[in-house]
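Got a few minutes to walk through a fold? Have the viewer open, and we'll go through it piece by piece.

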Amino acid sequence: MLKLGSLFILGMLFVGCQNQQQKLKESEAVPFDWDAATIYFMLTDRFNNGDNTNDVNFNRNKETGVLRGFEGGDIKGVIEKIEAGYFTKLGVNAIWMTPIVEQIHGGTDEGTGVTYGYHGYWTKDWTNLDPNFGTKADLKHLVEVAHKNGIRIVLDAVINHTGPVTEDDSVWPDDWVRTGPACDYHNFESTVTCTLVENLPDIRTESNENVELPKQLVEKWKAEGRYEQEIAELDAFFEKTGYPRAPRFYIMKWLADYVTEFGIDGYRVDTVKHTEAYVWQEFRKVLDAAFADFKTNNPEKVLDANVFYLVGEVYNYGISATKAFDFGDKKVNYFDKAFNQLINFEFKWDAQQLDYETMFSKYDTLLHNDLKGYSVLNYLTSHDDGQPFDLKREKSFETATKLLLSQGAAQIYYGDESARVLHAEGTVGDANLRTFMNWEAVKSNSETQAVLAHWQKLGQFRAKHPAVGAGKHHMISKSPYVFSRKYAKEGFSDKVVIGLNLDKGHKTITVSEVFLEGDIIRDYYSGTTSKVINGTVNINSEFDMVLLESLRGN
């Protein structure tokens, strides 16, 4: 029987070993790479209600079409789930939220019933947060909590248009916006110099003329007691940059403030192809300067040396187009001096039509050649794509496997991981894709929990290994289907072996091209370990896939 002194010594040794392991873990921390990121995209209003006192503002109390009003989701709700470890367990290392700036106060009927700006894309005031989403104090806390947990925050930028005109929201001046013609998308001109839809005033982003602030914005700021401050900041911005006081530069300044004030890490940019390409190069310069200012003023908050992240929504862009989006009469390179990534609308079709190896080898070739230095953001479900990969949520396991094991950044649309339904009775159009997050099923439904567990395993493995999303792909064997991914960047290297559609039970996997003889290999999916003997490992699990990583050899 051990004496108390011996127990104390053993306890201290155990704690010491834990501390050493923690230090070792920190010293071997995996660097963050946007090209391998797992980005969780949510409609802020539909994710989690953390504060029910802000659910109704500005008398937004008209009866709306089904799922076309505010449902209560807010910034505090996101913070709550970060602190609960939800995103960490899912392997998420960035969160993209729909716009949280102040929306139009009134509602409008687009033929689907009264709709409010719950989605965030109907801006009234870029300088203020919509109280339905929260306060600037909430946003500050969100960024701090997210960064503490190794998660980046990406907000959504809209420069193309204001919100619709309603009885509560007057149109902006003619030198700021055009109200027609509507776009017909036949060529570049009819995609850019026009309104996206009726009653969505289009910002004159092509204008270099000095314009005064809209009267309604001036009156609003004065009523809120911040007019002098906003004017002083604008004067300083235009004096420093030398830009004309043209509409687009006002908006760029307002959006850049969220970088310098809160330290956000990136923007997803809305309706990119509906604005002149040079606008995004200018936006990049403004944001880079803001990010540099933030880092200079807040050295203790700097996460790493990554540049500010910009991902663009060029509707219908696909990876096969590489850098040139074709309007029919003109091709435009949106990557050049602007975007790190573009959203890849092609991925869902590749996932449906191609086998794993054909898809993986295709992406490997494109990303490491024509798109070298850039990447794409893949998705299988989104907020405005009425033809998702799995509309009826019958292929949730396959969705996770294809999305999270493919090269490029991965966009999880909120509820992909929990098979949230993509329809609701009485709902018309894209509102079907925007049901409230199914937290009750996550909590108590065993089928939902099994789906979530699969997403979590793949997500955590992807987060641990940037080789999965950004590494070079090589097929080891066609049958059984086994491949490797290898990654090397700035002194950090990573390598994994993955097998799919394998036999359940005992599996012998050839790994000699990747791992050394005698290495201890863990299958992250099952938790099983094996030693490399004669270039192979033996895994006995009930699953038909393996996610192999090297532990220390003995």
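What follows is a short tour of the barrel, the open sheet, some helix packing and a few backbone oddities.

Keep in mind throughout that this is a predicted model.

**The barrel**

Let's start with the closed barrel. Eight strands make it up, in the order β1-β2-β7-β10-β11-β14-β15-β16, and the pairing is parallel. Going from one strand to the next, the twist averages 25 degrees.

Strand β2 is a good place to zoom in. On one side, β1 (residues 38-42) runs parallel to β2 and is joined to it by four bridges. Two pairings to look for here: Tyr40 has Ile95 of β2 as its bridge partner, and Met42 sits opposite Met97 of β2. Strand β2 also pairs with β7 (residues 152-157), again in parallel, through three bridges. There, Trp96 is partnered with Val154 of β7.

So much for the neighbours; what about the faces? Are the residues on the two sides of β2 buried or exposed? Both faces of β2 (residues 94-97) are covered: Ala94 and Trp96 are buried on one side, and Ile95 and Met97 are buried on the other.

There's a helix to look at around here too. Helix α9 (residues 277-297) lies across β7, β10 (266-269) and β11 (309-312), and it runs at about 165 degrees to β10. Helix α9 is roughly antiparallel to β10, because an angle over 145 degrees counts that way.

**Two helices that cross**

Next up are α7 (residues 227-241) and α8 (residues 247-262). Their axes are 11 Å apart and they pack at an angle of about 110 degrees, so α7 and α8 are roughly perpendicular to each other. From α7, the contact uses Glu233, Leu234, Phe237 and Phe238, while α8 brings Phe249, Tyr250, Lys253, Trp254 and Asp257. Sorted by class, the α7–α8 contact has six nonpolar and three charged residues, with no polar ones.

Phe237 is worth a click of its own. This residue of helix α7 touches Tyr243, Phe249, Lys253 and Val286, leaving aside residues up to four places away in sequence. Phe237 and Phe249 are 12 residues apart in sequence, and their C-alpha atoms are 9.4 Å apart in space. Phe237 has a relative accessible area of 13%, so with the cut-off at under 20% it counts as buried.

**A buried aspartate**

Now hop over to helix α10 (residues 347-353), where you'll find Asp350. What does the side chain of Asp350 make a polar contact with? The partner is the side chain of Lys362, at 3.0 Å. Asp350 touches Ile319, Met359, Lys362 and Tyr363, again not counting residues up to four places away in sequence. At 6% relative accessible area, Asp350 is buried.

**The open sheet**

The other sheet to visit is an open one. Six strands form it in the order β17-β18-β19-β24-β21-β22, with antiparallel pairing. The edges are β17 (472-477) and β22 (529-531), each of which pairs on one side only. On average, neighbouring strands in this sheet are turned by 25 degrees against each other, ignoring direction.

At the β17 edge, five bridges tie β17 to β18 (residues 481-489), running antiparallel. One pair to spot is Lys472, which stands opposite Lys486 of β18. Helix α14 (residues 446-464) packs on the sheet and touches β19 (492-500), β21 (520-523) and β24 (546-550); its direction makes about 30 degrees with that of β24.

**Backbone oddities**

A handful of loop residues have backbone geometry you may want to inspect. Two are prolines that follow a cis peptide bond, and two are non-glycine residues with a positive phi; here they are together.

| Residue(s) | Feature | Angle |
|---|---|---|
| Gly180–Pro181 | cis peptide bond | omega about 0 degrees |
| Ser479–Pro480 | cis peptide bond | omega about 0 degrees |
| Leu67 | positive phi, not a glycine | phi about 60 degrees |
| Asn199 | positive phi, not a glycine | phi about 65 degrees |

As for where they sit, Pro181 is in the loop between β8 (177-178) and α5 (189-192), and Pro480 is in the loop between β17 and β18. Leu67 belongs to the loop between β1 and α2 (75-83), and Asn199 to the one between α5 and β9 (202-203). Leu67 counts as buried at 14% relative accessibility, whereas Asn199, at 31%, counts as partly exposed.

Key
Residues numbered from 1 in each chain as written. Predicted model: local features only at pLDDT ≥ 70, side-chain atom pairs only at ≥ 80, totals over all residues. Heavy atoms only, no water. Buried < 20%, exposed > 50% of the residue type's maximum accessible area, 1.4 Å probe, protein only. Pairing = 2+ DSSP bridges. Polar contact = N/O pair within 3.5 Å; in protein donor to acceptor, adjacent residues only side chain to side chain. Contact = heavy atoms within 4.5 Å. Axes fitted to C-alpha atoms, helices over the stretch in contact; angles between N-to-C directions. Parallel < 35°, antiparallel > 145°, perpendicular 65-115°, else oblique. Nonpolar A, V, L, I, M, F, W, Y, C, P; charged D, E, K, R; others polar.
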